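Visitor: I'm new to looking at proteins in 3D, and I'd like to zoom in on one part rather than take the whole tour. Could you walk me through it slowly?

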Amino acid sequence: MIPAAFQYHSPSSVADAIDLLETHGSNAKILAGGQSLIPMMKLRLADPQVIIDLGNINSMNYITERDGGVAIGGMTTYAEIESSNSVPYLLSETAGSVADVQVRNRGTIGGSLSHNDPAADLPAAIIALKGEIITSSSNTHRTIPADDFFIDLFTTDLAENEILSEIFIKEQPSNSGAAYLKFANKASHYAIVGVAAVIETDKEGKCISASIGVSGAGPTAYRAEDSENILEGSSLTDANISEAATQAGNNVEFNEDVHASAEYRAHLLKVYTSRVIREAVSRSS
Ligand SMILES: Cc1cc2nc3c(=O)[nH]c(=O)nc-3n(C[C@H](O)[C@H](O)[C@H](O)COP(=O)(O)OP(=O)(O)OC[C@H]3O[C@@H](n4cnc5c(N)ncnc54)[C@H](O)[C@@H]3O)c2cc1C
């Protein structure tokens with residue numbers, strides 16, 4: 001289908017993009033990689049009157065090591081993250097699992113996190129990595145912990161006049177291992193359930209800290225806090241890991257759609273949480 005008519009702007013700076021956003025308010029939509037917005041416009045699920053394309057703002061595309069971590073510009077693509085040696089391996093691994101090479105060449109980290117599709121991969125990894133989301137508007141920048149950013153189905157803490165400008169991830173604990181595993185839709189590769197884990201262990205193999213993010217299971221990505229609490233301080237026995245996996249869906253209203261029933265998603269979550277913890281632990285040593 002053909003989208004409804006819209007006005008097109010292609011600013012070359014963040015300041016100009018914010019000016020346009022403030023001028024046009026709720027009539028405007030930011031365009032990043034277009035891998036979610038364009039299909040929605042073609043299906044007439046979205047009909048913005050004004051498009052503000054960030055594609056010409058080169059200053060939003062970077063991966064820079066600084067302040068004991070790595071800063072990633074909002075317009076950095078999955079492909080760039082996948083091939084970067086500066087980002088934590090978990091983030092490259094997760095970006096490399098998104099869709100196909102065409103989508104990874106166009107789709108951006110800022111677009112994925114702003115859109116907050118429940119089946120998107122990156123939100124789980126950003127939660128597990130305890131990332132911070134930096135937004136820009138005309139008079140301020142905000143730094144939002146990932147735990148507070150993903151609010152609900154396609155809903156984030158981003159205000160109407162804000163652009164997601166950067167993601168910051170602190171260096172991960174030295175003796176930690178991390179992994180992302182998903183049960184993927186065979187056609188699109190979206191996560192029916194995806195789990196990311198960062199597990200820090202001591203010399204005896206005991207868990208010092210655990211950080212687990214989940215995508216696909218419920219309306220929005222979330223932290224599996226009960227699972228983390230079971231693992232932290234434990235000896236990571238089969239029984240501990242199995243109990244942690246069982247608790248990963250506590251308080252979640254499971255999604256139910258043509259791809260999987262709520263019951264099947266709950267089952268997948270348990271299986272994938274258990275597998276990803278084991279994989280992360282094996283990478284920590
Ligand atoms: C065939 C196909 C398969 C896919 N498979 C997967 C998959 O396996 N896993 C997965 O995670 N995703 C998948 N996707 C979605 C893809 O990852 C999208 O790229 C992503 O959801 C949106 O990123 P984008 O840069 O394309 O954003 P766009 O589509 O341009 O924008 C998406 C939304 O975010 C807003 N936005 C974008 N950037 C910003 C910003 N910097 N600040 C504020 N708002 C912003 C836009 O206004 C829009 O509302 C798939 C898409 C397709 C077409």
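Visitor: Which residues does leucine 91 touch, not counting residues up to four places away in sequence?

Guide: Happy to take that one, and keep in mind that this is a predicted model. Leaving out residues up to four places away in sequence, leucine 91 touches Ile72, Ile81, Ile109, Leu122, Ala125, Ile126, Leu129 and Ile169.

Let's start with the stretch that holds leucine 91. Helix 4 runs over residues 89–96, and Leu91 is among its buried residues, along with Leu90, Ser92, Glu93, Thr94 and Ala95. That leaves the helix mostly covered, with six of its eight residues buried.

Now look at the company Leu91 keeps. The largest nonpolar core has 33 residues, and Leu91 is one of those with the most contacts inside it, together with Ile72, Leu90, Ile109, Leu113, Ile126 and Ile169. Helix 7, residues 122–128, gives the most to this core, with six residues. The core also draws at least three residues from each of domain 2 (58–170) and domain 3 (178–284). As a rule of thumb, nonpolar side chains in soluble globular proteins tend to be buried together.

Let's follow one partner of Leu91, isoleucine 169. You'll find Ile169 in strand 10. Is it buried or exposed? Isoleucine 169 counts as buried because its relative accessibility is 1%, and the cut-off for buried is under 20%. Setting aside neighbours within four places in sequence, Ile169 is in contact with Gly69, Val70, Ile72, Pro88, Leu91, Ile126, Leu129 and Gly131. Try comparing that list with the one for Leu91: Ile72, Ile126 and Leu129 turn up in both. For a sense of distance, isoleucine 169 and lysine 29 are 140 residues apart in sequence and 27 Å apart in space, C-alpha to C-alpha.

Next, some empty space. Rolling a probe the size of a water molecule over the atoms shows where empty space is left. The second largest pocket holds about 310 Å³ of space. It has 19 lining residues, and the closest to its centre are Val87, Pro88, Tyr89, Glu171 and Gln172. Helix 4 shows up again here: the elements giving two or more residues to the lining are helix 4, strand 5 (69–73), strand 10 (163–170) and strand 11. Strand 11 gives the most, with three residues.

From strand 5, step along to methionine 75, which sits in the loop between strand 5 and helix 3 (78–82). You might wonder whether a loop residue is buried or exposed, and methionine 75 counts as buried because its relative accessible area is 10%, with the cut-off at under 20%. Leaving aside neighbours within four places in sequence, Met75 is in contact with Ala32, Leu54, Gly55, Met60, Asn61, Glu80 and Thr108. Methionine 75 and isoleucine 57 are 18 residues apart in sequence and 8.2 Å apart in space, C-alpha to C-alpha.

For contrast, go to the loop between strand 9 (155–156) and strand 10, where alanine 159 is found. Alanine 159 counts as partly exposed because its relative accessibility is 33%, and partly exposed runs between the 20% and 50% cut-offs.

Let's step back for the bigger layout. The chain is divided into domain 1 (7–56), domain 2 (58–170) and domain 3 (178–284). The C-alpha centres of domain 1 and domain 3 lie 35 Å apart.

One more stop is helix 11, residues 262–284. This helix has 23 residues and reaches 32 Å from its first C-alpha to its last, close to the 33 Å expected at 1.5 Å a residue. Its buried residues include Leu268, Leu269, Tyr272, Val276 and Ile277. The buried residues of helix 11 pack against several elements, among them strand 12 (191–201), strand 13 (207–215) and helix 10 (238–246).

Finally, look at the loop between helix 10 and helix 11, the place of asparagine 251. Most residues other than glycine have a negative phi. Asparagine 251, though, has a positive phi near 65°. This asparagine counts as exposed because its relative accessibility is 81%, and exposed means over 50%. Histidine 189, in the loop between strand 11 and strand 12, has a positive phi too, of about 75°.

Conventions:
Residues are numbered from 1 along each chain as its sequence is written. This is a predicted model: local features need pLDDT of at least 70, side-chain atom pairs count only at pLDDT 80 or more; totals for chains, interfaces and linings use all residues. Side-chain values use heavy atoms; hydrogens and water are left out. A nonpolar core is a set of buried Ala, Val, Leu, Ile, Met, Phe, Trp, Tyr and Cys residues joined through side-chain atoms within 4.5 Å. Buried means under 20% relative accessible area, exposed over 50%, partly exposed in between (1.4 Å probe, protein chains only). Helices (H or I, at least four residues) and strands (E, at least two) are DSSP runs, numbered from the N terminus. Domain bounds come from an automatic or database domain assignment. Contact means heavy atoms within 4.5 Å. The expected span of a helix is 1.5 Å times one less than its number of residues. On a 1 Å grid over the protein atoms alone, a cavity is a set of points where a 1.4 Å probe fits but cannot get out, and a pocket is an open set with protein on both sides within 12 Å along at least five of seven lines; lining residues have an atom within 4 Å of a point. Grid points are joined across faces, edges and corners, and a volume is the space filled by probe spheres set on the points.
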